[in-house]
Amino acid sequence: MISDQSKKEIDFWVKKYPEGRESSAVMQALTIVQKENNGSLTNELIKEIAGYLGMPVISVQEVATFYENYNHKPVGKYVIRFCHNISCMLNGSDDLISYLEEKLEVKTGEISKNGLVSVKKVECLGACVGGPMCQIGDQYYEHLTTKKIDEILGNLK
Amino acid sequence: MVDIEFEIDGKLVNANQGDSIISIADREGIDVPRFCYHKKLSVAANCRMCLVDIEGNPKAQPACSTPVANGMKIYTKNDKAKNAQKAVMEFLLINHPLDCPICDQGGECELQDVAMDYGSDVSKFNEGKRIVADKGIGALIQTDMTRCIHCTRCVRFGAEVAGIVEMGLTGRGEDVKIEPFLTEGIQSELSGNMIDVCPVGALTSKPFRYEARTWQMNAIQSIARHDLVGSNIYTQTYRGKVKRVVARDNEVVNETWISDRDRFSYEGLNHESRSLSPKIKKNNEWQDVSWEVALDFAVSGLKENTQMPSQFGVLASKHSTLEEFYLLQKLTRSFGSENIDYRLDKADLSIDNSLSSTITLAELESIDHALIVNSYLRLEQPMINHRIRKATLSGASVNTINIKKFDFNYGISLEVLSAPQRTVSMLQSVLKSLHEKTRTTLPKYLSKTKTDVTHNKIADDLIAAENPVIILGEHINSNPSSSNVVGLISEIAALSNAKIANLSLTGNSLSAERVGFKPANGGSDVTSMLSGDTKSFLLMDVDPNYDFISSKLATDTFNKKNVFVVSLNSFEDEQTLSSADVILPLACFYESSGTHINFDGVAQSFSASVSSPGDSKPGWKIIKVLADLLGFEGFDYTDSSQVADDALSIDITVDNNSEVNIEVSEDSQVTAHWQNSPYASDAITRKAKALQETQIGKINDAFVSDLTAKELKLSEGDLYHGVPVSINDSVAEGCVFVHTYQSRQG
């Protein structure tokens, strides 16, 4: 269920577009609803968003599956979104992702046993100058090394 | 306006501003390969197969999305164009499986054809091909999404033509997929067209799966006669069986589309209850006999049971052919009887066909306002609804006066609810409002009528529109005061300069009207035949359980001991077996030649696609032989086209002097309206298995409003004449709307 608070937030975005173009707010709506539902979406929520914005359900699903920032399976409290595109890859992102997987005993796309962290490979986040890099919450972590990763993981509680 | 001159493959041609290169190439007979482009759908330009070289352009351009310009020089076959097309082809084949030998599309596949022309023998790619898991999208369409090339024709078809967005393109890049949101199955009544638009074997016909290879089949031009449109089709046959039905282009009739009912009903031809040999009932035991014995038995039975001609009655299904209607009425009138009728499901038989349509199918697209009265148009006449939808896309508005708010695939401005018994007073109010607004003399019978905002709005919309149409649908048939409704509608149309589309005469009813298949000169109509002194019946393709407004009255009459019933029927259903004394096996749809008269009044003839199974015979031949055996003159036909010629040349004058009834007493009693779901509309459709498994085929609800439910002491899930009750606030007060595949009860 989408809470009234979230609906208010969605309305804020809907108002930014001309009347009859409510569907333009679909990305914000998905983001707001995903945040409320602990970082992931379900079919029911997608249906509800479609109903709220007056869109066909499949059209919402198209958007929700196109963009990497929407999750369709439950995620940990923190999602480590690790870039694996060209600049980061040339600077060793593959090794760092393997290191992360070993250390947390998870595979990409899974949640760690304590439910705290999940790892996701994502496309370029626009911080190539600081590659290899990852995003946790709203924070970018750049020029990553194994040591830096240990430090970051230590701070996640 | 032709205002652009340019060159294509060295040929100087003219075009209009905004025409795409591909449309002109098609017109000029120049072959440009394409997958995503479809003349009836929007341009997506995502397959890139139609790349052509335009002089002065550094890169090849897609012909589908590039408009022509003055002085352009286009080359579709030079090296640059060919190289570009070959490169795209190679990309498309990276992931497309090489399973043509087991693919139903093989032999009629656009990808296969284009790969023959543009594909390379060797691919540079050695990587494994991707495999896409299937969700399954219902009983009609088989999915093999591994074969999909993501042209999005099916997605655009859903959004632009069917009006229900069900398929979508999810994921991205390597993971992109065409799929519906959930696996509930496709809901559209036009979904089968996705099979036709799919250029590869991703969407194929499920009932046709592995039935035959496309090149083994014969394609025969035919006409679908389930609805008023008479969609043009090809029946594809293999070894004497209809294996598939596909659409045939006819811009003024069905464009390139056909409804699912027209496409999949052929399955009923092979149903196990087909009547294969003549049968007679002796001492309550059925025995298979030869045609001679059965016909003798029928003729002597008819003669013995009928002391005077007026005791003989003939009833025919509205789906019979023009030839069958003509010969049957000729036979009956030769007999000296006027007791003929096809209006089996009509409650009010008092008037002649006083409401003729004054608009054509193609003109329906250019209306700017429609008032739909008593119709679930989307399911009743899918192709006519599609024309209205096209009109709404270019700005037309639609109001409805219906028993329930229905699920249309376009927006309705004003949905007015009206129980059948209140439709007359509703229309009277609209008429009064029109009189007041046009300042014309108010007829006396409207002096006490009250009007309110709703009626004024309906009247306003009709007056304001330049090109309005009033559409009358099937629900009117079971309305006991339908002659008043019809009268009021013609008054309203006259006053508001609206055209009329009368869709209540569906199937091949217009053929019956053309040959006068209705009692004249004091003959009995269907109700008086059933409740009167008729001793012998000749039934043409009639199912006593489904076809009559009161199936109880019909079955009780036919089951009487002293009533002799000859049934020409394609199926041996329980009810047919119990009510008939002779069953003469009848050729079904596509097994007999015939003629259908469509909404535009066009008589479309078709030949038999296959011969009928067993000993069954075409209806017109059976009637001809019966007439010969009864000793009547004038039945020397050797070909159905001779019958059609005769039928179309006779002139039946129809009395058109019906008057609007003045005094209408409003009935406060709760009424029930029974509508069969579209896939239960005729015998062959009811026997088509795949159609019955779809969402539309499973429609089975008795809708009733909360208040009326309390009055009738019904609660959610109770059975109302065998149909589960659904309490719903979108139904008019004071009535029960039964929408079901089940046969009529009571």
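In this predicted model, Leu495(B) is found in helix 13 of chain B, which covers residues 482-496. Its surroundings are of an intermediate kind: Leu495(B) has 18 C-beta neighbours inside 10 Å and therefore counts as partly exposed, since a buried residue would need 20 or more. Setting aside residues up to four places away in sequence, the contacts of Leu495(B) are Leu434(B), His435(B), Thr438(B) and Thr440(B). One of these partners, Leu434(B), lies 61 residues away along the chain, yet the two C-alpha atoms are separated by 7.1 Å.

It is helpful to set this site against the interior of the model. The largest nonpolar core contains 201 residues, and those with the most contacts inside it are Val52(B), Ile384(B), Ile470(B), Ile471(B) and Ile489(B). Helix 8 of chain B, residues 322-335, gives the most to this core, contributing seven residues. For Ile471(B), the contacts beyond four places in sequence include Ala370(B), Leu371(B), Ile372(B) and Val373(B), together with Ser375(B) and Leu377(B); Ala501(B) and Leu503(B) are touched as well.

Turning to the chain overall, 22 helices and 31 strands make up the secondary structure of chain B. Its radius of gyration is 28 Å, close to the 27 Å that the globule rule gives for 746 residues, so chain B is as compact as a globular protein of that length. Along the principal axes, the C-alpha atoms fill a box of roughly 90 × 70 × 55 Å. Of the 746 residues in chain B, 52% are buried. Among contacts with a separation of 6 or more, 71% join residues 24 or more positions apart.

Note on methods:
Residues numbered from 1 in each chain as written. Chains lettered and ligands numbered in written order. Predicted model: local features only at pLDDT ≥ 70, side-chain atom pairs only at ≥ 80, totals over all residues. Helix = DSSP H or I, 4+ residues; strand = E, 2+ residues; numbered from the N terminus. Rg over C-alpha atoms; globule rule 2.2 N^0.38 Å. Buried ≥ 20, exposed ≤ 12 C-beta atoms within 10 Å, placed from the backbone. Contact = placed C-beta atoms within 7 Å. Core = buried A, V, L, I, M, F, W, Y, C linked by C-beta atoms within 7 Å.
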